[in-house]
Every structure is written in structure tokens, then in C-alpha cells.
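Here is a set of questions and answers for a first look. Keep the view open and follow along.

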2 protein chains.
Amino acid sequence: MSETPAFRPIGVIRTPHKEARGTPIQPKFAEGIEGTIEVDPGYVEGLADLDGFERIWLVYWFDRSPGMRLKVKPFMDDVERGLFATRAPCRPNPIGFSCVRLLKIDGNVLHVADVDILDGTPLLDIKPYVARFDKWDVKRSGWQDAADASATRADKRFEK
Amino acid sequence: MSETPAFRPIGVIRTPHKEARGTPIQPKFAEGIEGTIEVDPGYVEGLADLDGFERIWLVYWFDRSPGMRLKVKPFMDDVERGLFATRAPCRPNPIGFSCVRLLKIDGNVLHVADVDILDGTPLLDIKPYVARFDKWDVKRSGWQDAADASATRADKRFEK
């Protein structure tokens, strides 16, 4: 199967999280932590109408992923799990997404909260969070149903 | 900012949707429509533990995107909107994601339902849907709050 073209980042994500250790592992565990998204000026036209949305999806490149591992010990568990049953960054295609709260837009700069992303992460896409599309009720969430809910911050295990 | 490496698809998504026209525009509008995900055998180890999850995120390459447009008229509206305030496929980095229902896993083949994806779409990643992480209540969803809720299927507007 053919490779994708190389993707070109459309901006950069600025956050207080300078290293993996101590970074919240999900937006739910990053409540109130603010960051800014610097969108390259050439894309500003595409930001129209975004300010009406309370939350947005940021899609980004895990540029500091240590490379692929198909079995990982996730932060919230102490046994190895299949990579695709986790949100760990060491994926074959290191693409992450986070649903953050949009505070305001100033030109090409988005002010957001609930950021769980490392500072300097290259932004690939922005999509609106639409509850009608994105909110699902589920009864089963696999190993997560018995996960250690106190493990809300990263450590060094997935550093390069 | 440096480009990403080219991403290598990890499998292919098989669905009944052979062309954009008539394809549901979101999994919510594709309830019960089944498809299969053929994961390349080299990645099977990473599928361990996934079967406990009721829903999964498929991350994929919109390989038939017509190229970037920063203003688009979305299916559910009749005025132009900023691209990033929509889920249209004609994005600078044509990456899509869909939250589908996982029915069962047979070796390297995932059987899923609620698929809104074109047949043959290259798969980039699989992540578990975890309600504790992914479910957000919002009061405002921008232009979507007044969108045409009957427009649930695509037409040819975003074809190559």
C-alpha cells in the first residue's frame, strides 16, 4: 500500500509541558491548564466560524515518540497491553489527538485550556468537537474499566 | 517547520461505500452499516486487549480528498464555513477519524459497525474509545447548533 505524502504541520502547539514527566496524559486530567496554538498565517481563512465551538480537536504529530512498540505498559496499568488498546505515543504512525477547550481566537492564535500536549508539538489539523457526532455512550472500555484512575500524569517511559 | 515523515498505512478499511455520494457523513448516521478492517499481519501483536472495547477510533488518510480548500460549504449548511470549523475531507493534512463499534476480531481482521468511510481507505491508526477520556458535554457547537440535521449523507462536492 502506498505511503501517504509527507504531512506539513500547519502550526505549533505551545504549552507549559516541557517534558513528558509530569504531563497530564489526557485533557480530562489537564483541566484549566492553558496553552496557545500558533497557526501558520496562510491558514487563517480556514479558522472562520471556529470560535462558536466550545471544544475543538487538535490533531498532531507525536514528534518525540520513541518509535514503534507493539506492546506497552500504559500509565494506568501495570501489565503490558497491545499498543492499539492504548493511547501511548509510540505508534506506527505517531498521530495524536486531544479535545481541548477553546477560550478565544486572536488572529492566527488560538487560546485553549485542558492541554495535555508537549510544548512545541507540530499541529496537523483542527476539527470542531460536535457532541452530536462525537459523544458516545459505552458500557465496556476493556482494561480501562479496571485501570488505576490515580495515574493521571506521564513519566519517562515513552521518552526518546 | 519540518515535514512529518511519510506515514505508512497499517491496513485498509473495507466498507460498502464505493463513492462519496450517498455515504453517511458521520458514524452517527451510519448506524448498523458494517465493514471490516484488514490490519497488516505485522501489526497483529498490537491488537491484543482491543476486543474489550465497545468502540474504537479509526484514524485514516482521506486518500481521495480533492486537495485543500480553506472555505467549504458543509453538507449540513448552505453557507461557506472555515474549513477547520467543519469535518470536510479537503484539509491541508487529509487525516480523518471515526469512532466505530467493534463487533469482533478474527486474527488481523476487525469487524466493525457504524462505518462512514469510503471503501479502500488507508488505515493509519487505531485507538480505543474511552468514555472517561473522550466524552465531553458542551453547550455550544457553533454553526452546527443550527445545522440541517436531515443532511446525513454525502454528495459529490468533495470528490476529486
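A nonpolar core is a set of buried Ala, Val, Leu, Ile, Met, Phe, Trp, Tyr and Cys residues joined through C-beta atoms within 7 Å. The model shown here is predicted.

Q: Which residues have the most contacts inside the largest nonpolar core?
A: The largest nonpolar core has 73 residues. Strand S3 (residues 55-61) of chain B gives the largest share of this core, 6 residues. The residues with the most contacts inside the core are A:Leu58, B:Ile56 and B:Leu58.

Q: Which residues does B:Leu58 touch, not counting residues up to four places away in sequence?
A: B:Leu58 is among the residues with the most contacts inside the largest core. Leave out residues up to four places away in sequence, and B:Leu58 touches B:Ile13, B:Ile37, B:Phe97, B:Ser98, B:Val100, B:Ile117, B:Leu123 and B:Ile126.

Q: In what order do the 6 strands of the closed barrel of chain B run?
A: The pairing in this barrel is antiparallel. The twist averages 45° from one strand to the next. The order is S1-S2-S7-S6-S3-S8.

Q: How many bridges join S1(B) to strand S2 of chain B?
A: S1(B) and strand S2 (residues 34-39) of chain B run antiparallel. One pair of bridge partners is B:Gly11 and B:Val39 in S2(B). The number of bridges is 4.

Q: Which residue in S8(B) is the bridge partner of B:Ile13?
A: Strand S1 (residues 11-14) of chain B and S8(B) are joined by 3 bridges and run antiparallel. In S8(B), the partner of B:Ile13 is B:Thr121.

Q: Which residue in S8(B) stands opposite B:Ile56?
A: S3(B) and S8(B) pair over 5 bridges. The sense of that pairing is antiparallel. Opposite B:Ile56 in S8(B) stands B:Pro128.

Q: How many of the 8 residues of strand S8 of chain B are buried?
A: Strand S8 of chain B covers residues 121-128. The strand is mostly covered. Its buried residues number 7.

Q: In chain A, which residue in S7(A) stands opposite A:Thr36?
A: Chain A has 6 strands that close into a barrel, in the order S1-S2-S7-S6-S3-S8. Neighbouring strands of this sheet are turned by 45° against each other on average, direction ignored. Within it, strand S2 (residues 34-39) of chain A and strand S7 (residues 109-113) of chain A are joined by 5 bridges. Opposite A:Thr36 stands A:His111.

Q: Is A:Glu38 buried, exposed or partly exposed?
A: A:Glu38 lies in strand S2 of chain A. Setting aside residues up to four places away in sequence, A:Glu38 touches A:Gly11, A:Val12, A:Arg14, A:Asn108 and A:Val109. A residue needs 20 or more other C-beta atoms within 10 Å to be buried, and 12 or fewer make it exposed. A:Glu38 has 14, so this residue is partly exposed.

Q: What is phi of A:Asp49 near?
A: Most residues other than glycine have a negative phi. A:Asp49 sits in the loop between S2 and S3 of chain A. A:Asp49 has 22 other C-beta atoms within 10 Å, so the residue is buried. Its phi is positive, near 75°.

Q: In which loop of chain A does A:Asp114 lie?
A: A:Asp114 is not a glycine, yet its phi is positive, near 70°. A:Asp114 is buried, because 23 other C-beta atoms lie within 10 Å. The loop is the one between S7 and S8.

Q: Which element gives the most to the side of chain A that touches chain B?
A: The contact takes 59 residues from chain A and 60 residues from chain B. On the side of chain A, the residues divide into 33 nonpolar, 9 polar and 17 charged. Elements that give two or more residues include strand S6 (95-106) and helix H1 (131-134) of chain A. With 6 residues, the element that gives the most is S8(A).

Q: Which axis relates chain A to chain B?
A: A turn of 180° and a shift of 0.0 Å along the axis lay chain A on chain B, with an RMSD of 0.0 Å. In chain A, the C-alpha nearest the axis is that of A:Ala6, 2.1 Å from it. 100% of the interface residues of chain A are also interface residues in chain B, so the copies meet through the same surface. The relation is that of a two-fold axis.

Terms used: Residues are numbered from 1 along each chain as its sequence is written. Chains are lettered from A and ligands numbered from 1 in the order in which they are written. This is a predicted model: local features need pLDDT of at least 70, side-chain atom pairs count only at pLDDT 80 or more; totals for chains, interfaces and linings use all residues. Two strands pair if DSSP finds at least two bridges between them. Axes are lines fitted to C-alpha atoms, for helices over the stretch in contact, and angles run from 0 to 180 degrees between N-to-C directions. Two residues are in contact if their C-beta atoms, placed from the backbone, lie within 7 Å. Ala, Val, Leu, Ile, Met, Phe, Trp, Tyr, Cys and Pro count as nonpolar, Asp, Glu, Lys and Arg as charged, and the others, Gly among them, as polar. Copies are superposed by least squares on the C-alpha atoms of residues with pLDDT of at least 70 in both.
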